[in-house]
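Student: Got a minute to look at a model with me? I'd like to start with the ligand and then move on to the helices.

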Amino acid sequence: MSIPYLDLTQQYKRIQKVIEPKILSVLASGQYILGPEVTELEKELAQFTGSKYALAVSNGTIALQMALQAIDLKPGDEVIVPSFSFFATAEVVTTLGATPVFVDIEEKSFNIDVSKIEAAITPKTKAIMPVSLYGQISDMDEIMAIAQKHQLTVIEDAAQSFGALYKNKRSCNVSHIGCTSFFPAKPLGALGDGGGVFTSDPELFKKLEAIRVHGQTKRYYHEYIGVNGRLDPIQCVVLREKIKFYDEDLNKRREIGFAYNDAFSGLKGLVAPTIKSDRNTVFAQYTVVVENRDQFAKDLEKEGIPTSIHYPLGMHEQPVYKHMNISLPVTEKLSKRVISLPLYPDMPKDHVKKVIDAVKKIAQ
Ligand SMILES: *Cc1c(COP(=O)(O)O)cnc(C)c1O
């Protein structure tokens with residue numbers, strides 16, 4: 001009756017024959033941490049993004065934390081982040097004892113409103129961390145110009161945008177450091193946790209490499225405070241296979257996303273996502289804006305269409321940050337109205353049609 005929101009088993013079936021023997025040979029090799037599969041994946045990730053260096057790490061959250069550690073973020077420092085994101089974006093700043101400074105988003109793109117960044121900069125600001133939400137990169141030219149003027153580092157939270165383009169540059173290669181996630185439900189997903197850190201700066205890369213193994217530059221010689229951020233070779237086998245057809249997957253995602261956009265363009269009860277003309281998106285989520293979200297979700301559920309909410313609160317409204325007592329009207333408005341529809345590369349055509357028909361009926 002009901003279609004799935006996301007079915008990851010379809011993709012597993014596609015790669016099963018190729019990856020299972022490779023995983024078995026990792027198991028037989030005795031090398032379970034780092035090693036050749038990791039190094040090869042890193043080369044392929046760097047090549048795919050155009051970034052000079054890539055580091056495979058254990059998840060997207062640690063990727064962001066490592067980026068902040070690499071720029072020596074300290075207690076008292078501030079990092080500018082959009083309030084509308086997955087919690088990890090701000091969490092890592094607080095983990096390191098620094099303060100996230102929440103900035104409102106642009107209604108159209110759901111991404112940080114660049115016109116509000118400069119007002120948030122203080123002498124304590126160390127970095128700007130734009131999030132490429134739902135798979136669309138922020139206004140990077142403007143952000144990089146502001147950063148240069150104030151001598152700040154820009155770290156792209158690219159957990160949802162791996163493979164996206166901004167003026168012919170790939171996500172993870174549009175700022176000083178790019179961080180992504182290979183969590184199974186992300187566009188490029190492993191069969192477990194995983195992540196990546198990207199930079200074209202050789203000094204930063206060397207430091208990030210050390211930070212991944214406890215700040216170690218030689219065995220048992222610790223130059224920095226680091227983390228255990230290693231990715232295991234089994235996940236690398238999976239990612240190396242998936243990256244081979246990742247561009248095809250992204251095209252399938254876009255095909256579905258733009259079919260939704262076309263079908264929904266005339267509807268009064270819903271605003272479909274806007275993709276700016278100088279970039280594309282990977283539709284990590286296909287998220288629309290509706291006035292009465294609860295009713296819309298209930299009506300869709302009756303039609304057998306599951307939905308999801310990314311995210312129900314701005315981070316500044318979360319219990320742990322509420323004491324900051326700030327108001328960001330666009331974030332607050334959209335977090336009450338956004339709702340995501342099923343979209344994944346292996347989604348059957350009749351499911352896509354079912355979503356379109358149901359939404360058109362409900363949101364006329
Ligand atoms: C998923 C996500 C993260 C965290 O990635 P994990 O691999 O789950 O740790 C960070 N930021 C954003 C925007 C995300 O969507």
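**Ligand and helix contacts**

Tutor: Sure. In the side chain of Thr61, an N or O atom sits 2.5 Å from an oxygen atom of the ligand. Keep in mind that this is a predicted model.

Student: What about Lys186, how far is its side chain from a ligand oxygen?

Tutor: An N or O atom of the Lys186 side chain is 2.6 Å from an oxygen atom of the ligand. Gln160 also has a polar side-chain atom 2.8 Å from a ligand oxygen.

Student: How many residues surround the ligand?

Tutor: There are 16, and the closest are Gly60, Thr61, Asp157, Ser181 and Lys186.

Student: Switching to helices. Which residues of helix 3 meet helix 4?

Tutor: Thr61 again, along with Leu64, Gln65 and Leu68. On the helix 4 side they meet Ala88, Thr89, Glu91, Val92, Val93 and Thr95. By class, that contact has 5 nonpolar, 4 polar and 1 charged residues.

Student: And at what angle do those two cross?

Tutor: Roughly 45 degrees, with the axes coming within 9 Å. That makes helix 3 oblique to helix 4. The crossing is right-handed.

Student: Now helix 8 and helix 11, why do they count as roughly parallel?

Tutor: Their axes cross at roughly 25 degrees, and angles under 35 degrees count as roughly parallel. Helix 8 brings Ile256, Ala259, Tyr260, Ala263 and Phe264 to the contact, and helix 11 brings Val352, Val355, Ile356, Val359 and Lys360.

Student: How do those residues divide by class?

Tutor: Into 9 nonpolar, no polar and 1 charged.

Notes: Residues are numbered from 1 along each chain as its sequence is written. This is a predicted model: local features need pLDDT of at least 70, side-chain atom pairs count only at pLDDT 80 or more; totals for chains, interfaces and linings use all residues. Side-chain values use heavy atoms; hydrogens and water are left out. Axes are lines fitted to C-alpha atoms, for helices over the stretch in contact, and angles run from 0 to 180 degrees between N-to-C directions. Helices (H or I, at least four residues) and strands (E, at least two) are DSSP runs, numbered from the N terminus. Contact means heavy atoms within 4.5 Å. Ala, Val, Leu, Ile, Met, Phe, Trp, Tyr, Cys and Pro count as nonpolar, Asp, Glu, Lys and Arg as charged, and the others, Gly among them, as polar. A residue is near a molecule or strand if one of its heavy atoms lies within 4 Å of it. A polar contact is a pair of N or O atoms within 3.5 Å; within protein, one must be able to donate a hydrogen and the other to accept it, and residues adjacent in sequence count only if both atoms are side-chain atoms. Angles under 35 degrees count as roughly parallel, over 145 as roughly antiparallel, 65 to 115 as roughly perpendicular and the rest as oblique. A crossing is left-handed if the near helix is turned anticlockwise from the far one by less than a right angle, and right-handed if clockwise.
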